[in-house]
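I sat down with this entry to look up a few things about its sheets, domains and helices. My notes follow in the order in which I checked them.

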Amino acid sequence: MRLFGVKNFVRLAAVMVLATTLSVFTVGCSGDDYPSSDIEWYVGFSAGGGFDTASRIIAEEMSSDLGTNVVVRNLAGGGGRRAAQEIHKAPADGYAISIMNMPNQILAEKIDPQGVDFNNLSWIGRAVIQTYGLYTAADSKFNTPAEVAAAGDDIRFCLSGLSGHSFLVASVTTEVMKIAWNPVTGYKGAETQAGLLRGDCELALGPMAGSTLSAVQSPDFKALWIYEDERFAPLPDVPTVKELGFPQLGGGKFANNGLVAAPPGTPADIVEKLSASFDKALQNSDVIAGINKKGMAVSRLSPSETSSVVDGMSGIVSEYLELVRAKSQSR
Amino acid sequence: MFEAMIAGLTNMGDPAIIAAICLGTLLGVVFGVIPGLGSVIAMTLIMPFTFGWDPIVAMYVFAGIIGTASTGGAVPAILLNTPGTIANVCTTFDGFPMTRRGEGGRAIGLAATASGLGTLFSIVVLAALLPVAKLLILWFTPPDFFWMVILGLIAVTFASRQNMIKGLAAGGVGILISLIGFSSVFGVRRYTLGSEYLWDGIEIVPLVIGFFALSELMVYTSRGGTIAQDAKVNLGGIKQILRGALEVFRYKSILLRGSIIGTVIGSIPGAGGAVANFLSYSTAKQSSKNPELFGTGHPAGVVASESANDAKDGGILLPTLTFGIPGNGEMVILMAAFILHGIQPGRDLLVNRLDIVWAIILGVIGAQILTTIVILAGGAWLAKISLVPVKYIAPFVAILSLIGVYAVRSNIWDVLLAIFAALVGFFMRKAGFPLITLIIGFVLGHLAEEKFTQSLQISQGDYAIFFTRPVSIILLIAIVFMLGWSLYKSAKPTKANLESS
């Protein structure tokens, strides 16, 4: 039996090679003079998510302001780590910037180092922030940290995994509040809420934004506290960790931050230009409305303030890294 | 629920949505008409290009393809005696004899109308079950879910209609491939060989494009010639088509039974349109007063076959949308499209993204109505696409596929993965390994691991959690029954074996 027609097969193979070559050359080019050509904005996540949408909205506004295209490029991989690696090694010429999910990416880098030094990046500013909170099913018997701590060792947290932001927050919270706990992993989005309703777990953590905020505001769930010093406007009745006597968990240090950076060593004048344009975009009412629509809040910071926030987050992650590692390995 | 439906209906006036439905319909019909290509390849090809689109618009395109391909597949089945998709096989039994009698148009009319009504029936059933689906999600705890995934894997393997051992082997390989990459559950990287590319595991888009589209092209290219071999189109006139379209209503009970069979069978993972097609046809024949007419060009045969294979659409969407368990290749691609557009099947979809659900439902309905009109008006012309030589079709589809793969993530490794998957898929086809089992194993393997781990985390390591819940026990019984039945069938001597001995 003849396996296949060699001649035709070779033709198809040739077409595939040609198509591969074409496909590579149809995308992307770079310019020489700043800002004379497109600026690439890396997003370490797939299109359609919160950070991706925010990036596209801001990039569009920056394009008008800078007079050049700011092109969003999705470099999904490793929970944002691929984009972080790309920006870390990109030429320091201002033609590549990236949005980062902090402190999630700092934690991932500390747990499994890949050579990215976040403190060394040229920070442009902060785009968005999402306040973190702890919530449970409405009919849960838990209302205060004391009640949770008194429950014994049966408290289960629905979390995404053993290495993410929510695992860090759960590890630190339970350590500080003296709560015995177990993680139940693999929960994202509305599946977390289904897990709470089914009784897979008793507690869940997450950014109080988007569908999670809608769920917490519904009669099916209740938020027990938020990780801030001041009350959160969309949940005015929910106490802060500071009010509950745990100020060390407050100050927004566990909030989800969308921070934007340029490669290490980017010249100060270019950082200044980018930062000014970025900040201007964040004051545009359409940009603010578009980001709010995705359940996030615009929260502007200057380059130096952003750098300080990153330093602070690195400190917190370093402080609790061994605890996170120990908890992760014990599961 | 109703707000989302009304919003969806309102959106249907949007030019972008109308264009999306038209595009989906065009792709579905053309790829359905070309035997062997079908909806899976149409969906794989268009998927990367929808990247960056509004997810709602993208879903209308996919729904358009899902709703139309097997309707399009009836055209070559009737006119060329070559089923466009595997779900159109029974249509050839009576459709082609009608064509030989010079009644091809009448058969096209019967098929298009039966398909349209079958789809509408199943989609209405799906829409009616959506409120219940939300409750179902809360009934299904992780151990129940684990057993359901296992049941789905076994059902798909047994339904592969090829060597069961090869099916199991392919499914096993699919599960192993699904384990590659960073496991957020355990916080470790597995089998990545230090490669950054493998960090997130094997990407589903290049994998399915390589497996389904490119390997199929390689098969056709190796064979040469035209896709439909040796055929002359014999349609009759427009009056015949209209006669056939109206004649469907003479076979109301067959139409209804075919629609019910299609909807129910469609909801069982692995069963799909082909099983529904055969079951509906054989039931119609057995219950007929004139069974001898079936196979000779009996209109009832066309109605039974086409109503069932299209009615599977509503049924098969139910486990995909509710639990993220795809029952066939189409649904695997739909799942890949969900991933591409950041959509999570299950509670998230049914609670927060009902707009997506209704886009799919309304898209299928809109496309089906459009297809019925298109097939009635231009079926004979469409059938001639099958007579275009492969050497013209294959390069076009190959270029489109690979550019599409690269466009999603701008990663050349994705292109190389697609080519590698094409080669593996080609040789798997030659060796008789079912590709669909491997892909379903790939999709469900990760889910099985996650639910297994979750169950043990909930029970703090107590395996009894898998055997104590009523839903788990029912699913376990179903698994045991399916395994037992399969072993019984394989052990039972067949007539052919007895004769040879």
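## Notebook: sheets, domains and a helix pair

I note at the start that the model is predicted.

**Strands 6 and 7 of chain A.** I began with strand 6 (residues 155-159) of chain A and found that five bridges join it to strand 7 of chain A, the two running parallel. I looked up one pair within this: Arg156(A) has Asn182(A) of strand 7 of chain A as its bridge partner. I then checked what lies against these strands. Helix 19 (residues 435-458) of chain B packs on the sheet and touches strand 6 and strand 7 of chain A. The direction of helix 19 of chain B makes about 165° with that of strand 7 of chain A.

**The sheet they belong to.** I asked myself in what order the five strands of this open sheet come. I read the order as 7-6-8-5-9 in chain A, with mixed pairing. Why is one side of strand 7 and of strand 9 of chain A left without a neighbour in the sheet? Strand 7 (181-185) and strand 9 (221-226) of chain A stand at the edges and each has a single partner strand, so one side of each has no neighbour there. On average, and with direction ignored, neighbouring strands of this sheet are turned by 35° against each other.

**A residue ahead of strand 7.** I looked at the loop between helix 6 (165-177) and strand 7 of chain A, where Lys178(A) is found. Lys178(A) is not a glycine, yet its phi is positive, at about 60°.

**The second sheet of chain A.** I recorded an open sheet of six strands in the order 2-1-3-10-4-11 (chain A), again a sheet with mixed pairing. Its edges are strand 2 (70-74) and strand 11 (297-298) of chain A; each has a single partner strand, so one side of each is left without a neighbour in the sheet. Strand 4 (residues 122-130) of chain A pairs with strand 11 of chain A in the antiparallel sense, over two bridges. In this pair I found Val128(A) opposite Val298(A) of strand 11 of chain A. Helix 9 (residues 268-282) of chain A packs on the sheet, where it touches strand 3 (96-102), strand 4, strand 10 (256-262) and strand 11 of chain A. I noted about 20° between the direction of helix 9 and that of strand 4 of chain A.

**A cis peptide bond.** The bond from Met102(A) to Pro103(A) is cis, with omega near 5°. Pro103(A) is found in the loop between strand 3 and helix 4 of chain A.

**Domains of chain A.** The domain assignment gives domain 1 (39-130 + 256-321) and domain 2 (132-253) of chain A. I noted 27 Å between the C-alpha centres of domain 1 and domain 2 of chain A. How many residues does each domain of chain A give to the contact? Domain 1 gives 15 residues and domain 2 gives 13 residues. On the side of domain 1 of chain A that touches domain 2, helix 4 (104-111) and helix 11 (303-329) of chain A are the elements giving two or more residues. By class, that side of domain 1 of chain A has eight nonpolar, six polar and one charged residues.

**A helix pair in chain B.** Helix 3 (residues 38-46) and helix 4 (residues 55-79) of chain B pack at about 150°, their axes 8 Å apart. The two helices of chain B are therefore roughly antiparallel to each other. Helix 3 of chain B passes helix 4 of chain B in a right-handed crossing. Among the residues in contact are Ala42(B) and Met43(B) of helix 3 and Phe62(B) and Ile65(B) of helix 4 of chain B. By class, I logged eight nonpolar, three polar and no charged residues for the contact of helix 3 of chain B with helix 4 of chain B.

How values were computed
Residues are numbered from 1 along each chain as its sequence is written. Chains are lettered from A and ligands numbered from 1 in the order in which they are written. This is a predicted model: local features need pLDDT of at least 70, side-chain atom pairs count only at pLDDT 80 or more; totals for chains, interfaces and linings use all residues. Two strands pair if DSSP finds at least two bridges between them. Helices (H or I, at least four residues) and strands (E, at least two) are DSSP runs, numbered from the N terminus. Axes are lines fitted to C-alpha atoms, for helices over the stretch in contact, and angles run from 0 to 180 degrees between N-to-C directions. Two residues are in contact if their C-beta atoms, placed from the backbone, lie within 7 Å. Domain bounds come from an automatic or database domain assignment. Ala, Val, Leu, Ile, Met, Phe, Trp, Tyr, Cys and Pro count as nonpolar, Asp, Glu, Lys and Arg as charged, and the others, Gly among them, as polar. Angles under 35 degrees count as roughly parallel, over 145 as roughly antiparallel, 65 to 115 as roughly perpendicular and the rest as oblique. A crossing is left-handed if the near helix is turned anticlockwise from the far one by less than a right angle, and right-handed if clockwise.
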